[in-house]
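Me: I want the labels in this model justified, value against cut-off. Please keep it brisk.

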Amino acid sequence: MAARVPPERDLAPLQALTPARLRERVPEITEAEARRLLSALHRELGPGAQLRNVRRSAREAVARVSHVPELRVVARAASELDPFVKLLFEGADGARFEAVRIPLERPGRFSVCVSSQVGCALGCTFCETGRLGLRRNLETWEIVEQVRAVRRTLDAAAGQRVHGVVFQGMGEPLSNADRVIEALHVLSNPSTLAIDARAITVCTAGLPAGIRRLAAEAPNVRLAVSLGSARPETRRRLMPITAAHPLDEVLAAAAEHALATGHSPLFAYIPLAGQTDTPADAEALARLLHDFTARAGRRPRLSLVPYNPGRSDSEHRRSDAPSEAGFRALLAEYGVSAHRRYSGGSDVAAACGQLAATA
Ligand code: SF4
């Protein structure tokens, strides 16, 4: 009688596994074989590649329980303003989500901004993804595959490579923590994608339990927190998640993260005209940063992210240049330095806050 072929839904996507997880599924292969098989997959050697030192029986055992699903790229949009490129993907269920290729200062180095969910339930008012609502979580392999798809757009022979990953695309990564943490392990494992964990950042709107998990389960990955506003009332209006998790709770978890991991968090802040760029906002923000430094023993990095309106009507406006300069000058007077993030690809809706899975 022929051996039963398991239906595809029972097969494990191979690109979602670390060598240890592969061996949990296929205990008969050795640790070295698991490493070599996954390394070949991530170096894109192809199924016919001759793998030295991997027994044929090991390859067959892995093939019986796993597959390598493909993620369909339905559009690729290159910005005309800067070297940002956005990829639009479609899952087997028709769900669409995006990743952005971000050039870094060092020539030939790129970061990939990945999505963790299709849509998002958190509804931050300055974010286009938040208007979509949540359709579903992305699977681990769908997260990993975004990085592999962006890597395929690079010219490896010319020395181009993926240096880092930011979880700042569609979705709240810590609402999908199980899969995101699995993906972090695959991205950073030396036998798989081998991206330095310190070059990977998870950006959250503020889920304290998820921040604690990140510290315990992926301690070298960097944490970024989207502050919204340092004033509780304003934050509640901009980021409805504040009602469930007030900023104080989020900052307490971020301080624990800093103490446990030894890494300073990054705080992202969007200056919005008349809402978060006033002198009172600068004072509240400076106080928050000083309090955090005293509590965590580490100075957080502050990144000012220019507001990028999406395609739908928005109640917000970007802080104009003189107001933003005044805001930064006030922060400096209070002893706080801020870096202004370049948020590129706005002409193809690839900039921070614009991702809405549109071609
Ligand atoms: S900013 Fe992040 S958490 Fe907030 S709605 Fe957008 S994707 Fe969700």
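Reply: Start with angles: under 35 degrees counts as roughly parallel, over 145 as roughly antiparallel, 65 to 115 as roughly perpendicular, and the rest as oblique. The model is predicted, with local features needing pLDDT of at least 70, side-chain atom pairs counting only at pLDDT 80 or more, and totals for chains, interfaces and linings using all residues. Residues are numbered from 1 along each chain as its sequence is written, and side-chain values use heavy atoms, with hydrogens and water left out.

Me: Why are H8 and H9 called oblique to each other?

Reply: The axes of H8 and H9 (residues 279-296) cross at roughly 40 degrees and come within 9 Å. That angle falls outside the named ranges, so H8 and H9 are oblique. Axes here are lines fitted to C-alpha atoms, for helices over the stretch in contact, and angles run from 0 to 180 degrees between N-to-C directions.

Me: What makes Thr 261 count as buried?

Reply: Its relative accessibility is 15%. Buried means under 20%, exposed over 50%, partly exposed in between, with a 1.4 Å probe and protein chains only. Therefore Thr 261 is buried. Thr 261 lies in H8 (residues 247-261); helices are DSSP runs of H or I, at least four residues, numbered from the N terminus.

Me: Which residues does Thr 261 contact, leaving aside its neighbours within four places in sequence?

Reply: Ala 215 and Pro 219. Contact means heavy atoms within 4.5 Å.

Me: Which backbone atoms lie 2.7 Å and 3.1 Å from a polar atom of the Thr 261 side chain?

Reply: The oxygen of His 257 lies at 2.7 Å. The nitrogen of His 263 lies at 3.1 Å.

Conventions: Helices (H or I, at least four residues) and strands (E, at least two) are DSSP runs, numbered from the N terminus. A polar contact is a pair of N or O atoms within 3.5 Å; within protein, one must be able to donate a hydrogen and the other to accept it, and residues adjacent in sequence count only if both atoms are side-chain atoms.
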